[in-house]
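Here is a short briefing to read with the model open beside you. Take the topics one at a time and try to find each feature for yourself.

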Amino acid sequence: MSSLVQIPPPATKLALLPIDQGRGLGAVWAVIATEATLFVCMFGAYYYLGNNKDRWALQQPPHLVYPFVLLAVLLSSSVVLHWGERQVEKERYRAGRIALWFSVLLGLTFLVLQGFEYASEWSDLTPDSNSYGSIFYTITSLHGAHVIVGVLILMYVGCQPFYGFARRSPHMPYQVASRYWHFVDAVWVFIVALLYVIPNIQRHLHVH
Amino acid sequence: MAELAIESQLTDLWETPKTIRGWFATVDHKELGMRYLVTAFLFLIIGGLESLLVRLQLVHSNMNLLSGEAYDQIFTLHGVTMIFWYASPILSGFAIFLIPLMIGARDMAFPRLNAFTYWTFLLSGVFLYISPFFRQAPHAGWFAYVPYTLPAYSPGLGMDFYALALIFLGISTTGAAINFIVTILRLRAPGMAISRMPLFLYSTLTISFVVVFAMPALTAACVFLELDRHWGTHFFTVPDGGSTFLWQQLFWFFGHPWVYVIFLPATGMISLIIPVFSRRPIVGYAYIAVSTILTGVVGFAVWLHHMFTVGMSDLAMSIFSAGSMTISIFTAIQVFAWLATIWKGRPVATTSMYYAVSSVILLVVGGLSGVFTGVIPVDWQVHNTYYVVAHIHYVLIGGNVFPVFAGLYFWLPKMTGRMMNEKLGKLSFWVMFIGFNVAFFPMHILGLMGMPRRIYTYAAGLGFDTWNLVVTIGAFVFGLGILISIVNLFVSLRSGVLAGRNPWNADGLEWLTDSPPKAYAFAHIPVVASRHPLWDDYENLDDPENDRVLDQGRLTPTTTWLDAVPVGIATIPEDSLAPLFMSLTMFGIFVAFAFHWMWAVLAMLILTFAIGCIWMWPNTRKEVL
């Protein structure tokens with residue numbers, strides 16, 4: 001177009017550029033965005049179903065011990081994995097791998113503890129008791145499924161040879177897996193807040 | 001190095017061997033884009049034949065061609081096929097074929113993901129079409145409202161196939177959207193700053209973000225439906241605390257953005273075609289780009305207008321009514337920009353231009369009836385009548401099918417290397433255009449007369465007979481028009497005039513490649529200095545030192561998302577069978593789910609994970625250079 005000033009393109013020597021590492025991270029952010037929206041829809045359904053119901057949830061608000069223990073387990077796994085990521089960036093691959101497997105252990109601990117929580121705290125409620133049971137179990141087990149997938153991905157990366165972690169690897173599997181794992185942990189923060197803490201506050205303030 | 005040596009080296013690197021394995025393993029975006037186009041077109045034909053059956057049943061009062069149940073299944077399959085397996089995938093087909101060429105890249109950002117999304121798209125369609133063989137196709141319309149879709153009213157497999165097929169297709173659509181986002185934001189040629197992108201890239205980028213944020217709502221709704229149908233939950237059963245409106249909220253939170261997913265890329269195509277045939281740059285480039293993005297954003301705030309009759313607060317309805325009106329402003333900006341481009345230019349009357357201009361006309365008609373239905377009292381009056389059927393078909397055929405035909409007549413020479421016949425093309429256009437209006441305009445009248453949609457027959461003496469006969473005749477004429485274009489395609493494949501590189505004297509980088517493009521597309525990665533690389537004087541091919549050949553492997557440059565400054569070299573993976581096998585095992589998961597073979601589901605899940613592990617295992621030889 002004649003009215004536009006033509007700015008000549010950058011004259012970089014392409015052959016001297018490094019290997020691109022941004023595509024994998026770009027994609028995992030998009031995956032996280034779409035998965036997060038799935039959870040937002042589920043939370044939306046939780047509130048939509050609870051709307052205009054006098055005493056919808058339980059006679060007693062949910063107990064808070066288990067969810068906070070679970071939260072501590074997941075958050076510490078994120079901290080450990082983040083430390084491992086820093087080690088990998090410093091090319092201390094062995095420390096990075098140990099941290100990763102430690103996160104896997106914590107993830108498995110979460111799954112076992114959640115099984116105990118279902119058995120001891122929620123034995124009166126089943127998915128087919130009422131709509132509260134349906135949405136509660138759907139959200140928490142969907143999150144559990146994400147923990148299982150996250151653990152599997154971490155184990156897969158943990159089995160890879162070190163050159164998979166290497167700084168020049170185009171796909172950066174360690175970083176991609178750890179982004180996903182942090183996301184799975186962050187979802188639990190929202191579950192604790194929305195499904196456990198707020199009903200307790202509401203009960204305390206006598207708003208239902 | 002001599003040019004010929006460069007080309008043979010690149011061919012060795014990029015060409016898929018013409019073997020059976022090569023056919024199944026290819027990750028070449030040109031091959032996959034064409035497969036998307038062909039497959040989606042086949043779904044168009046299947047859905048079209050279903051609509052003709054529907055029209056035959058409605059041709060006269062008290063017809064007995066189809067039973068009520070058969071009619072319900074056929075019109076549902078028609079809607080579901082057209083909206084999910086034709087309208088969006090055909091635009092993805094254009095995008096997958098064209099986008100790497102338009103941005104001067106040698107492939108998409110994730111070529112294997114590209115192959116995977118193609119196979120899952122195909123297999124999810126195959127999955128949906130298993131159900132008619134059990135005579136239990138979905139039968140509740142394309143939006144499948146509860147409680148009708150719960151087992152008490154819809155026993156059998158139909159609605160399970162609906163829900164599972166949409167979850168399966170959602171995986172494919174989301175994967176393709178992520179691929180578009182990363183490709184457009186990272187792989188543009190050096191110098192193709194965001195202000196120089198072809199407008200088609202704006203629309204594809206917008207709808208890709210829309211898919212990322214809208215698709216999960218449909219997935220959630222379908223998961224709830226399956227759980228309610230077979231696992232005893234109570235999301236939608238009111239006595240146990242469920243809500244039937246929950247389905248509608250989730251479905252339309254997805255559903256209305258989806259309308260833009262199947263419409264915006266088509267407007268992007270019009271924005272490329274009209275300037276070429278008006279022989280001048282588009283008027284209002286920036287306005288079109290911004291209103292495309294805003295349509296995508298505001299599209300998330302209008303979904304309640306599908307639900308004005310369910311009973312809501314006046315405030316909620318007013319907000320969503322205003323939102324719906326706002327959208328029409330953004331569309332109008334685009335329409336006026338196109339009109340101004342034609343007005344200021346010297347239009348050339350090619351078949352492609354005919355389709356592009358007519359789609360603008362049809363779009364305005366459909367858009368205006370949309371503005372009417374956005375007004376709440378009018379909506380209450382015409383809700384669930386043929387008026388809405390007329391509106392949706394004017395918008396979707398005017399906004400999708402006609403631009404797709406414009407795009408086919410415009411880009412098929414690039415894809416096949418041969419021109420389409422203009423005489424046959426114009427004949428096809430006029431038959432389609434007249435058939436379309438004869439078929440769909442009377443539906444406005446039928447709707448205002450009070451004919452409800454989705455009824456399998458109607459009584460005599462209501463005054464519906466004449467117009468329904470006209471509609472059916474129009475539908476067959478429209479089908480004939482499409483048939484002429486199909487004939488034209490085969491004639492062109494056999495004996496079309498050779499196209500050459502740039503038969504239309506167009507401006508985009510895709511016209512720099514051979515027709516059909518070579519496997520590596522560009523021997524020298526192009527460098528861009530304006531919005532119209534082939535119209536402007538700047539010499540963007542000059543590469544005397546062969547700096548931009550990149551023949552040490554399957555490589556293409558990556559650039560920054562805003563200014564397109566080169567920052568890296570992307571390695572492109574080689575052909576692989578893993579995407580096909582992973583799609584097949586996922587197909588297995590969904591089939592096993594539909595028939596409740598839970599052990600098979602588990603086995604298939606493990607297989608899928610194992611294939612994923614093989615797919616993504618790091619390879620020292622190729623990756624650490």
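In this predicted model, helix H14(B) passes helix H15(B) in a left-handed crossing. H14 covers residues 386–416 of chain B and H15 covers residues 422–449 of chain B. The points below begin with this pair, then move to a hairpin, to the contact between the chains, and to chain A.

**The helix pair H14(B) and H15(B)**
- The axes of H14(B) and H15(B) come within 8 Å and cross at roughly 165 degrees.
- An angle over 145 degrees counts as roughly antiparallel, and therefore H14(B) and H15(B) are roughly antiparallel to each other.
- On the H14(B) side, the residues that make the contact include Tyr386(B), Val389(B), His393(B), Ile397(B) and Tyr409(B).
- On the H15(B) side, Gly425(B), Phe436(B), Phe440(B), Met443(B) and Leu448(B) are among them.
- Sorted by class, the residues of this contact are 13 nonpolar and four polar, with no charged ones.

**The hairpin of S1(B) and S2(B)**
- Strands S1(B) and S2(B) run antiparallel and are joined by five bridges.
- To find one partnership in the model, look for Thr558(B), whose bridge partner in S2(B) is Gly568(B).
- Six residues lie between the two strands of the hairpin, where Ala564(B) takes a positive phi near 55 degrees.
- Is S1(B) mostly covered or uncovered? S1(B) is mostly covered, as five of its five residues are buried.

**Where chain B touches chain A**
- The contact brings together 59 residues of chain B and 49 residues of chain A.
- Elements of chain B that give two or more residues to this side include helix H6 (158–186), helix H8 (244–261) and helix H18 (598–615).
- Both strands of the hairpin, S1 (555–559) and S2 (566–571) of chain B, are on that list too.
- Which element gives the most to the side of chain B that touches chain A? That is H7(B), with eight residues.
- By class, this side of chain B has 36 nonpolar, 16 polar and seven charged residues.

**A look at chain A**
- Chain A has five helices and zero strands, so you can write its elements from the N terminus on as α-α-α-α-α.
- Of the 208 residues in chain A, 34% are buried.
- Take the contacts in chain A between residues at least 6 apart in sequence: 80% of them join residues at least 24 apart.

Note on methods. Residues numbered from 1 in each chain as written. Chains lettered and ligands numbered in written order. Predicted model: local features only at pLDDT ≥ 70, side-chain atom pairs only at ≥ 80, totals over all residues. Axes fitted to C-alpha atoms, helices over the stretch in contact; angles between N-to-C directions. Helix = DSSP H or I, 4+ residues; strand = E, 2+ residues; numbered from the N terminus. Parallel < 35°, antiparallel > 145°, perpendicular 65-115°, else oblique. Left-handed = near helix turned anticlockwise from the far one by under 90°. Contact = placed C-beta atoms within 7 Å. Nonpolar A, V, L, I, M, F, W, Y, C, P; charged D, E, K, R; others polar. Buried ≥ 20, exposed ≤ 12 C-beta atoms within 10 Å, placed from the backbone. Pairing = 2+ DSSP bridges.
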